[in-house]
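Visitor: I would like a close look at one single part of this model, with its wider setting explained carefully.

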Amino acid sequence: MAHPIQGLVKYHGMRDDIERLPYHDSISVCTAPSHTRTTVEFSMDYDEDTFVVDGEELEGRAHERVEAVVEKARSLSDAAHTVYPVRLESENSFPTNVGLGSSSSGFAAAAMALAEAAELDASREEISTIARVGSASAARAVTGAFSQLHTGMNDEDCRSRRIPSNLHEDLKIIVGLVPYHKETEDAHDEAEDSHMFQARNAHIHEQIAKMRDSLRNDDFDSAFELAEHDSLSLAATTMTGPEGWVYWQPATLAIFNRVRELREEEDIPVYFSTDTGASVYVNTTEEHAEYVEEEISDTGVSTTIWDVGGPARLLEDEDDHLF
């Protein structure tokens, strides 16, 4: 099982599409109880590798991305049975492909299950490099809570590590669900063609340093103000690429406006954040969570309150297996 991530300082664009090596570091926080549950088995009884997500067998590019994670695990294993075909089934507890990080939890859960099935004696940091070839964000979902994916040209450098912080004790995340299909991979593919790309890269290293410092010092306002501004920076780069991707919808902007009214007029510590999609994370403290959720719900969107999620983990109870 793994939890999806909310990007706080997000990566955009990849220097290596195969190993999915991003141009710069990124930081996120996992969200719970939202999760992906995955079961994996290598067996000579199977005719070919088969991947099923939410009851549907994967084909095309989706199949290729899971296959890359499987092959990464195989390449690291000495277990003889990994030469056999594999069956992987995955199930999400939350809406997918709407900007809530389903690929991060999906590939993180897959990597964790594959590492166990392939008999790898690997730490979560090492398993994060397996998840990364499916989705760079998934590397951070493996290590959980507040985590940083470090950029690099190899697995020793480009892996996820936890950032110590006590902000998880007070952070509440109101999710404003705005269902609108998006293609994150397409946005990453053309990011470097935006005239904003170099400006974002020059700016991002300071943002990473500030975010790390804010998290270590448990500075709620500083951390989530940075996340809000990073969301705007990410969108500016995405919208100025060749295809001019615009993911935000009227409901997205309504949430932005309401959050700023709550902060500026009622002095509530509340900040918005988006990844590549139309849905919105609204970050606030436990004291204000129920009131903020009511206010966000009044904009006309479906809402729920999430907490901070921990690292990817194995589920020992056979009743949790998907097959």
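Visitor: What relative accessible area does Asp218 have?

Guide: Asp218 has a relative accessible area of 32%, and is therefore partly exposed (buried means under 20%, exposed over 50% and partly exposed in between, using a 1.4 Å probe and the protein chains only). Before going further, note that this is a predicted model, in which local features need pLDDT of at least 70 and side-chain atom pairs count only at pLDDT 80 or more, while totals for chains, interfaces and linings use all residues. Residues are numbered from 1 along each chain as its sequence is written, and side-chain values use heavy atoms, with hydrogens and water left out.

The place of Asp218 in the chain is the loop that joins α6 (197–216) to α7 (220–239) (helices, H or I of at least four residues, and strands, E of at least two, are DSSP runs numbered from the N terminus). The backbone there deserves attention, since Asp218 is not a glycine and yet has a positive phi of about 55°. Most residues other than glycine have a negative phi, and most peptide bonds are trans.

Glu119 can be set beside Asp218, for Glu119 is likewise not a glycine and has a positive phi, of about 60°. Glu119 is found in a loop as well, between α2 (102–117) and α3 (124–132), but its relative accessibility is 58%, so Glu119 counts as exposed. A further backbone feature concerns the peptide bond from Ala32 to Pro33, which is cis, with omega near 10°. Pro33 sits in the loop between the strands β4 (26–32) and β5 (36–42). One more loop residue may be added for its accessibility, namely Tyr84, which lies between α1 (60–76) and β8 (86–92) and counts as partly exposed because its relative accessibility is 33%.

Returning to the loop of Asp218, the helix that follows that loop is α7 (220–239), and this helix leads to the charged pairs. Glu228 and Arg260 meet through their side chains in a salt bridge, at 3.5 Å from N to O (a side-chain nitrogen of Lys or Arg within 4 Å of a carboxyl oxygen of Asp or Glu). Because Glu228 lies in helix α7 and Arg260 in helix α8, this pair ties together parts that are 32 residues apart in sequence. The two partners differ in how they are covered: Glu228 is buried, its relative accessible area being 2%, whereas Arg260 is partly exposed, with a value of 32%.

Glu261 also belongs to helix α8, which spans residues 250–266, and with a relative accessibility of 32% Glu261 counts as partly exposed. As a gauge of distance across the model, Glu261 and Gly55 are separated by 206 residues in sequence and by 42 Å in space, taken from C-alpha to C-alpha.

The bridge between Glu228 and Arg260 belongs to a wider set, for the structure holds 21 salt bridges. Side chains of opposite charge can pair when their charged atoms come close. Among the others is the bridge of Arg61 with Glu64, whose side chains meet at 3.4 Å, N to O. These two residues are 3 apart in helix α1, so about one helical turn separates them. Arg61 counts as partly exposed because its relative accessibility is 40%, and Glu64 is partly exposed too, with a relative accessible area of 47%.

Another salt bridge joins the side chains of Glu156 and Arg159, with 3.7 Å from N to O. Here an exposed residue meets a buried one, since Glu156 has a relative accessible area of 57% while that of Arg159 is 9%. Beyond such pairs, salt bridges can also be followed through several residues, as Glu19, Lys72, Arg132 and Asp155 are linked in a network of them.

To come back to the part you asked about, Asp218 combines partial exposure with a positive phi in the loop between α6 and α7.
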